[in-house]
Every structure is written in structure tokens, then in C-alpha cells.
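Please examine the sequence and the three-dimensional structure shown below before reading further. The explanation afterwards is meant to be read with both in view.

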Amino acid sequence: MKIFSCTKCGNLLYFENVTCTQCGASLGFLPDSMRLTALESAGGNEWQASGTEQRYRMCANYSRHAVCNWMVKAGTDLDFCEACSLNRTIPDLSVEKHRKLWRTLETEKRRLIYSLLNFDLPVVSRKQDPAGLAFDFLADEPARFSERGRVMTGHNQGLITINIAEADPAERERMRNQMAEAYRTILGHFRHESGHYYWDRLIRDTDRLQPFRDLFGDDRIDYSKSLEKHYHDGPPADWQQRFVSAYASSHPWEDWAESWAHYLHMVDTLETAYQYGLAIRPVVVSANARSAEHDFNAYGERDFEVLIEHWFPLTFALNSLNRSMGHRHAYPFVLAPAAIDKLRFVHRVIWETVQHQR
């Protein structure tokens, strides 16, 4: 994720900011130029992006509900920004706690959309295309949040459903422990479920299907039975030698989705490190240890080997910093060669898609 600066005063800004804390300027993110900018009132409900003649309106979820900070070009009949237009169902806002949970979900969803737009991947709403993408944010009523409860986080033919209880840190941690997961985040869910959507678009009916099967396994294996077996028996004893996570071992579709999510984690974290000017040069005794300098654009890097060479020393540093503060590892993963091959495949699919579109 990039860091931004106020176009009026130069103050440091973050992706979620709606107001500059130094000069008080109203802020808006412009998905057409991927910029967070100061806004100047242009009369009525229109705003002018600082330093440009272009006029915008606030996304309806910005102006009405304060859960978004993205803008929509003036002169269109659109109410919602590129991210919010993907919503099919939002939580019942008459329930007091739902607005806070929804705001958290929208923040993490925009981070996903930021990555997809940065890659120039197709992001199309179901309102425009029946094969497009949509989100349902639903609550269990009145049952307690459960992985096998009434609302299942998942993907079905372009519709991504998220149980809003995932936005409650206590509930999410309870589920993480119950499922014996090393890692569970809202952004991780969004990235994982988007992986299923892009499998349908970029793998299923293409000449990539056989290379996918050669690497990930046969997707025609019964999905429901595979998941039942996984939840009943657990992952195979050697899963760490072949998969990025234990859940990835349950079925080739989940292996792809976990690998896709992991790749997005990797690239976005590398961009953040670059934006902060981090250079990772571990002090080590072994001559074989990896070191890497952060001098590249992760989203624009076509050579997967360069990404990996930057990734490993950065994760070592992240984990060491967390342990120094008494926290568990920020990056609780070990990437075996087979898992890296799958990440390399994800990288190739994305770049082939981008090149084809251009």
C-alpha cells in the first residue's frame, strides 16, 4: 500500500484518511488516478480535486454513512464508487453495532480493490455484467458467529459473502483459535475469496486449466467431500512441504485461493516497505543467507524471482520486530519450494492477463 501526502500542505496521509490533520482539508481517493487528494468545494455536492479542473462527487457511502473515502466523477449518474458499487447487500444499519463492523469491512475491501486496480485486473460489478463481482455483508441472527453457522464466508459464482462478525476482533480471534489457524484477518478473507472469483475468470475456461491441474491438482475432485475430510481428519502430515497453508491442502480450488491471497499479501506488503524506504540487509554469519535492497515497484515487477528475493528478508525483519515487542510472528508461514512454484504460477497468470488487456 502506498503512503500519500496532502496536496495542499504536504502532510503525511494514510489510505483511509478523510481529513488532513494538519491543514484540515477534506480528502478523497480518486480510483481513476489512484491518488488520495485534497478537495475543494465546487458548489452543490461537487468537489474539485486539488491542482486539477476535474470535478467529483463523494461516493454515497462517503457522504451518507462515512464508511468510504472514494470519489465518483461528476457528470455521471453513478451514486457509488468503484469499490462500493460492488456491494449487493450491506448490514442492517438499524442495529447499532453493525455500522462500526461495516466500516471495518469496507476499509479492508477497498484495500483489496486497490490491489486489483493496481494490477489492472478486471473489476466489474454484477450490475454491469452477470459474470461480474458482488459482495454480501451479512449477520448471523440470532445465532452466535460460527464457521458452520448461518452465514458462511465464501464465494459462489462471483458473489463473495462475508460474515460481518469477522470485523469483531474478539470473535475473529475466537474463530482463529477454534480453527487452529496461524493467521486470520478480514483482508485475508477478501483476498482469498477474490481468488475463487479470478479462478473462474482466468483459469477455468482457458488454456491455463491443464497447467493449473499439473501444479495444484485435479479441480474435478468432489469439493464438498474434500472439505468434510479436511475438517474431520485435518491436513496431511506433510502439508508444509507442498502448501502455503493447512487449509490449502483441502482441495485444489482452496490451494489456488490461498496462494492467490498470499501473493497479494506479498506484493502489497513489499510496496508498503518500499514506500517507507525500507532496505533489508540482515547482519548474518552464513554466507548463504539472503539479503535484498528495497528499490523497486512490487506491483510493477515482472520478474517473480526478484519479488521472492525481496520477500524473505522482509519477513524475517517483520517477525523479529514483532517478537521484540512480545507479539507472535507477523508472518507465520514457511514457504516450501512447491508453495513458491504455486505463487510463481499466480504471478504469471496475473501478468499474462495484464499484457493481454493492454
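The paragraphs that follow consider helices first and then individual residues in loops. The model is a predicted one.

A suitable starting point is helix H6, which spans residues 223-233. Which residues of this helix are buried? They are Ser226, Leu227 and His230. When H6 is viewed down its axis, these buried residues fall within an arc of 95°, and therefore they line one face of the helix. A general property of helices helps in reading this pattern: an α-helix has 3.6 residues a turn, so residues three or four places apart point the same way. On the other side of H6, the residues Lys225, Glu228, Lys229 and His232 are exposed. Helix H7, residues 252-275, is included in what covers the buried residues of H6.

The two ends of H6 also deserve attention. At its start, a side-chain oxygen of Asp222 comes to within 3.2 Å of the backbone nitrogen of Ser224. Just after the helix, Gly234 adopts a positive phi of about 80°.

The loop between H6 and H7 contains Ser250. Is Ser250 buried or exposed? Its relative accessibility is 8%, and because buried means under 20%, Ser250 counts as buried. A polar atom of the Ser250 side chain lies 2.8 Å from the backbone oxygen of Tyr247. When neighbours within four places in sequence are left aside, Ser250 is in contact with Ser226, Leu227 and His230. These three are the buried residues of H6 named above.

Helix H7 also packs with helix H2, residues 96-118. The angle between them is about 85°, and their axes are 11 Å apart. This angle makes H2 roughly perpendicular to H7. On the H2 side, the residues that meet H7 are Arg111, Leu112, Tyr114, Ser115, Leu116 and Asn118. Their counterparts in H7 are Trp260, Leu264, Asp268 and Glu271. Of the residues in this contact, five are nonpolar, two polar and three charged.

Attention now turns to backbone angles. In general, most residues other than glycine have a negative phi. Asp120, in the loop between H2 and strand E9 (134-138), has a positive phi near 60°. With a relative accessibility of 35%, Asp120 counts as partly exposed. Gln157 also has a positive phi, near 50°. The position of Gln157 is in the loop between strand E10 (154-156) and strand E11 (159-163). Its relative accessible area is 62%, so Gln157 is exposed.

Two further loop residues complete the account. Ser85 is located between strand E7 (71-73) and strand E8 (87-89). At 18% relative accessibility, Ser85 counts as buried. Which residues does Ser85 touch, not counting those up to four places away in sequence? They are Phe80, Ser125 and Lys127.

Cys9 occupies the loop between strand E1 (4-5) and strand E2 (12-13). A relative accessible area of 29% makes Cys9 partly exposed. Not counting residues up to four places away in sequence, Cys9 touches Cys20, Gln22 and Cys23. Cys9 and Asn163 are 154 residues apart along the chain, and their C-alpha atoms are separated by 40 Å.

Key. Residues are numbered from 1 along each chain as its sequence is written. This is a predicted model: local features need pLDDT of at least 70, side-chain atom pairs count only at pLDDT 80 or more; totals for chains, interfaces and linings use all residues. Side-chain values use heavy atoms; hydrogens and water are left out. Buried means under 20% relative accessible area, exposed over 50%, partly exposed in between (1.4 Å probe, protein chains only). Helices (H or I, at least four residues) and strands (E, at least two) are DSSP runs, numbered from the N terminus. The arc is that of the directions from the helix axis to the C-beta atoms. Contact means heavy atoms within 4.5 Å. A polar contact is a pair of N or O atoms within 3.5 Å; within protein, one must be able to donate a hydrogen and the other to accept it, and residues adjacent in sequence count only if both atoms are side-chain atoms. Axes are lines fitted to C-alpha atoms, for helices over the stretch in contact, and angles run from 0 to 180 degrees between N-to-C directions. Angles under 35 degrees count as roughly parallel, over 145 as roughly antiparallel, 65 to 115 as roughly perpendicular and the rest as oblique. Ala, Val, Leu, Ile, Met, Phe, Trp, Tyr, Cys and Pro count as nonpolar, Asp, Glu, Lys and Arg as charged, and the others, Gly among them, as polar.
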